Amino acid sequence: GGASPSSRPPGDEHAPKRQRLAAGSSAAGAAFQASGPGQCQAAAEIFGRAEPGAGRLYLGAQTATVEWRIERFALQRQRVDGACLDGPKFGPREPWQVFCHPDGRCFNQPQGGPPGVFLRYLGPHERVPAYATIEKLADGRFVVPENNARDAPFVVLFGRNEIEEWGVCKDFGLFDDAFGRDLLDEALVLRARVTWVEPRADSLLPREVVSVRRNAAPPLAGLEGSLQADLAALWTARRSAPPGAAGPSGGPGPALPPAPPPDLHLVCEGQRFPADRAILSARSAFFGAMLSNRQFREAAQREVELPDVPARALSSALRFIYTDEGPELRSREEAEELLTAASKLGIAGLMRLCSDCLRDRWLTVTSSVGLLRLADEHGAASLRSEALAVLGANFDQVKATADWDELIRSGMNPSLIQDTVQAVADASIFAGRASIKL
């Protein structure tokens, strides 16, 4: 669907819903003061109201920009006959797309009119607050068309669906005759910019607005004397060089306080890792069940072998257990290996860390099937949902890959089949197609 015109006269009391939602404001803080009262109200409804005298901090914001050149735009306006021109997708995991109705004909403006340029959200979430601008290249610089400039940037609440009662927009756009004038070599050159806060199940979002004053006191975690710092010191002492070992310059190494002896060693791939039963049981569901139940012989052993866990992954898992810190994951393979180990050992926090890393750094159209299988197998919910969203939005490309053929041949569990079909169907509807062939 399209958006309603944003170019109505300032005094028009019958402006459509979307124009009222698109009241402009800048990023935060003092810029709100410069905006009109209607714009402040629109921003406050999405981001929350600041307490008097208290600053605001916006967490997790991301920004993406794309430029799009539409050649022979005047001719396109004459011949398009209501069709939509799809522009590029952009942003991390491509949650945004710019598109255009050259003759202005769209769902809620079937008669046509000024050209309309739109921004569409393709991600998995139902509520995504954002600042958005759509600009045209004119006289060597990008500017918002004059009729809409006073309201830019626009505060928009995006979502996968158009939800009237919530005021959620699937598509947001500007209708403006300026898009058809002063073309550059007969081409319309556009730039779309969006800054958004993406809700995540493993964070405080979408309750992303916090009072700086309330959070001014530094947390104890990680400071000297904290539980995290003391356990990290124990971990470091046990992994340090033996007494008398040479330091970096060839002299004796730095003296470290002696570490209490471990009461358990974990063995894998010929390596022995010192550990503490109580700490392992508290931090790992796997070790908690094994070491607290006398029916398991491992509960009374001083050494426990773990043949199914690579030594590299076990070392990283123990580091996380003692310090709450993960390793620097340099490759997708390393992240997948550690996610698998964290799943086997029942370390929820490490699973979430690996899942987020795979999602943010390696989730693409070509990797979506492989990461979907991994996430489904090990219960990485956030990675699974995002991989499904990428797969659904790009199914025409995905179904031609070898990974998809392998997934079909190897079989999927019924829940994954249902969710995959639903993701493809949802993406097809959002893209304006009545159906899609699986």
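**Entry 1: H10 and H12**

I began with two helices and found H10 and H12 roughly parallel to each other, because angles under 35 degrees count as such. The model is a predicted one. For this pair I read an angle of about 15° and axes 10 Å apart. H10 covers residues 332-345 and H12 covers residues 368-378. I noted the crossing of H10 and H12 as left-handed.

I then listed the residues in the contact. H10 contributes Arg332, Glu336, Leu339, Thr340 and Ser343. From H12 come Gly370, Leu371, Leu374 and His378. Sorted by type, the contact of H10 with H12 holds three nonpolar, four polar and two charged residues.

**Entry 2: the chain as a whole**

I stepped back to the totals. The protein chain has 16 helices and 14 strands. It is 438 residues long, and 45% of these residues count as buried. I also looked up how far along the sequence the contacts reach. Taking contacts between residues at least 6 apart in sequence, I found that 66% join residues at least 24 apart.

**Entry 3: strand E12 and its partners**

Is E12 covered or exposed? I found E12, residues 264-268, mostly covered, with five of its five residues buried. I checked which way the residues point. Leu264, Leu266 and Cys268 face one way from E12, while His265 and Val267 face the other way. Both groups are buried.

Next I looked up the pairing of E12. With E13 (residues 271-275), E12 pairs in the antiparallel sense over five bridges. Within this pair, Leu266 stands opposite Phe273 of E13. The hairpin of E12 and E13 has two residues between the strands. In this hairpin I noted a positive phi near 50° for Glu269.

E12 is also joined to E14 (residues 303-305), by three bridges, and these two strands run parallel. I recorded Glu305 in E14 as the bridge partner of Val267. My summary for E12 is an antiparallel pairing with E13 and a parallel one with E14.

**Entry 4: a four-stranded sheet**

I traced an open sheet of four strands in the order E3-E4-E5-E9, and its pairing is antiparallel. The edge strands are E3 (85-90) and E9 (171-175), each of which pairs on one side only. I read an average turn of 20° between neighbouring strands of this sheet, direction ignored.

I looked at one pair in this sheet in detail. E4 (residues 96-101) and E5 (residues 116-121) are antiparallel and share six bridges. Opposite Trp96 I found Tyr121 of E5.

**Entry 5: Ala132**

I picked out one residue for its surroundings. Ala132 lies in strand E6, residues 128-138. Is Ala132 buried or exposed? Its relative accessible area is 1%, and the cut-off for buried is under 20%, so I entered Ala132 as buried.

Which residues does Ala132 touch, not counting residues up to four places away in sequence? I listed Leu119, Pro153, Phe154, Phe158, Phe172, Arg193 and Val194. Two of these tie back to the sheet of the previous entry: Leu119 falls within the residue range of E5, and Phe172 within that of E9.

I also looked up the spacing between Ala132 and Thr195. Their C-alpha atoms are separated by 6.5 Å, although the two residues are 63 residues apart along the chain.

Terms used: Residues numbered from 1 in each chain as written. Predicted model: local features only at pLDDT ≥ 70, side-chain atom pairs only at ≥ 80, totals over all residues. Heavy atoms only, no water. Axes fitted to C-alpha atoms, helices over the stretch in contact; angles between N-to-C directions. Parallel < 35°, antiparallel > 145°, perpendicular 65-115°, else oblique. Left-handed = near helix turned anticlockwise from the far one by under 90°. Contact = heavy atoms within 4.5 Å. Nonpolar A, V, L, I, M, F, W, Y, C, P; charged D, E, K, R; others polar. Buried < 20%, exposed > 50% of the residue type's maximum accessible area, 1.4 Å probe, protein only. Pairing = 2+ DSSP bridges.
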